Amino acid sequence: MVEKPAIAVIGAGLMGAGIALVFAAAGHPVALFDALEGARATALPRIRDNLRAVGLDPIAADAITLHAQLTKAVANADFVIEAAPEDLALKQALFVEIEDATRPTAILASNTSVIPITAIMARLRNKSRALGTHWWNPPYLVPLVEVIRTVDTSDAAIDATLKLLVSVGKTAVEVKKDVPGFIGNRLQHALWREAVALVADGICDAKTVDDVVKASFGARLAVLGPLENADLVGTDLTRSIHNYVLPALDRSTAASPYLDRLVETGRLGFKSGEGFRSWSPEQQSALRERVTNHLRASFGAPVSARE
Ligand SMILES: NC(=O)c1ccc[n+]([C@@H]2O[C@H](COP(=O)([O-])OP(=O)(O)OC[C@H]3O[C@@H](n4cnc5c(N)ncnc54)[C@H](O)[C@@H]3O)[C@@H](O)[C@H]2O)c1
């Protein structure tokens, strides 16, 4: 790949605009496509606001060209990242159009949260250059990007993608099999399943679950991964704990009936003011600010070509 590969981002929503910000700040030319006029109109102001919020010069957004036509956006790209809505048929159709309009050497990536990459890329003629890049929100503050390999993805496409992501300051890891939830969401939702079960079974309330995590292993997690921790305490102790506790853990293979009840009674979380817990507008802003400040303090600003 050339020194600053040209990037095309498909979808200028929460994730697409954030991904465009990361590459533009690092000095890459970025073509940003969205099918909706409203999203195109607000994209650059949102990106400039977010650059300011992380302490970078909003002029970095000048590296981004907005497009109303997909084929024009991807024509000169070395690397295409799709961040359109989470809809398999839509993503499949987009990649068919992208494959026809882009250079044969361009790498094609989807930022899907949960849809198998193999299914999204099923209609491509050349699947060797297709893979997943699973970014986390907000993409310009959370370092991780999971790079997902399918059985068709070439080593060269994986290596070039990992290298590109590292060059813009991301922590890029390879997911060697295209499994649902990749790595991060499998771990996260294994914990959430048990958290819901503790509340549903009356062992504690939702605030207590959150307090327990934040005041104990959650506080260590950013510097001590679970398997480092298992080695630290000893694999022998870990085995004996597992033999006692695993039979008692929740093993449901569908969402909890407790969660069904919340949804069916309109307790949807922030958007309705109540979910597992109640949320006033002030509490919602305070929580969002707390998370952003924590991520900024932990990881700093994105890589900037201007410094
Ligand atoms: N939100 C998250 O935390 C998160 C995290 C990781 C991955 N993802 C995944 O990233 C993708 C985008 O999610 P998001 O949260 O940015 O959604 P979003 O709704 O904020 O953005 C989607 C954008 O796609 C645009 N769009 C609609 N139809 C389109 C089309 N035909 N072509 C191009 N663009 C089109 C919309 O106008 C919108 O701007 C989804 O696959 C989602 O699952 C989301």
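**Exercise 1. What should the 12 residues of helix H1 span at 1.5 Å a residue, and how far apart are its end C-alpha atoms?**

Before starting, note that this is a predicted model, where local features need pLDDT of at least 70 and side-chain atom pairs count only at pLDDT 80 or more, while totals for chains, interfaces and linings use all residues. Residues are numbered from 1 along each chain as its sequence is written, and side-chain values use heavy atoms, with hydrogens and water left out.

Step 1. Find the helix: H1 covers residues 14-25. Helices (H or I, at least four residues) and strands (E, at least two) are DSSP runs, numbered from the N terminus.

Step 2. Work out the span. The rule is 1.5 Å times one less than the number of residues, so the expected span of H1 is 16 Å.

Step 3. Check it: the end C-alpha atoms are 17 Å apart, which agrees.

Step 4. Look at the cover. In H1, 11 of the 12 residues are buried (under 20% relative accessible area; exposed is over 50%, partly exposed in between, with a 1.4 Å probe and protein chains only). Among them are Met15, Ile19 and Phe23. Just after the helix, Gly27 takes a positive phi of about 95°.

**Exercise 2. Trace the order of the strands in the sheet.**

Step 1. Read across: eight strands form an open sheet in the order S3-S2-S1-S4-S5-S6-S7-S8, with mixed pairing. Two strands pair if DSSP finds at least two bridges between them.

Step 2. Spot the edges: S3 (64-67) and S8 (171-175) each pair on one side only.

Step 3. Add the twist. Neighbouring strands are turned by 25° against each other on average, direction ignored; axes are lines fitted to C-alpha atoms, for helices over the stretch in contact, and angles run from 0 to 180 degrees between N-to-C directions.

Step 4. Place a helix: H2 (residues 37-53) packs on the sheet, touching S2 (30-33) and S3, and its direction makes about 165° with that of S3. Contact means heavy atoms within 4.5 Å.

Step 5. Try one pair: S1 (residues 7-10) and S4 (residues 79-82) run parallel over four bridges, and Ile10 stands opposite Glu82.

**Exercise 3. Which residues cover the two faces of S6?**

Step 1. Recall the pattern: in a regular strand, side chains alternate between the two faces of the sheet.

Step 2. Sort the residues: Ala130, Gly132 and His134 lie on one side, with Leu131, Thr133 and Trp135 on the other, and all are buried.

Step 3. Check the neighbours. S5 (residues 107-110) joins S6 by three bridges, running parallel, with Leu108 opposite Ala130. On S7 (residues 144-148) there are four bridges to S6, running antiparallel, and Gly132 has Ile148 as its bridge partner.

**Exercise 4. Is Val30 buried or exposed?**

Step 1. Locate Val30: it sits in strand S2.

Step 2. Apply the cut-off: at 2% relative accessibility, Val30 counts as buried.

Step 3. List some contacts: not counting residues up to four places away in sequence, Val30 touches residues including Ile7, Ala20 and Ile64. Val30 and Ile7 are 23 residues apart in sequence, yet 4.8 Å apart in space, C-alpha to C-alpha.

**Exercise 5. Find polar partners of the ligand's oxygen atoms.**

Step 1. Start with the backbone: a polar backbone atom of Leu14 is 2.9 Å from a ligand oxygen.

Step 2. Turn to side chains: a polar atom of Asn111 lies 3.1 Å from an oxygen of the ligand, and an N or O atom of Ser113 is 2.7 Å from one.

How values were computed. Polar contact = N/O pair within 3.5 Å; in protein donor to acceptor, adjacent residues only side chain to side chain.
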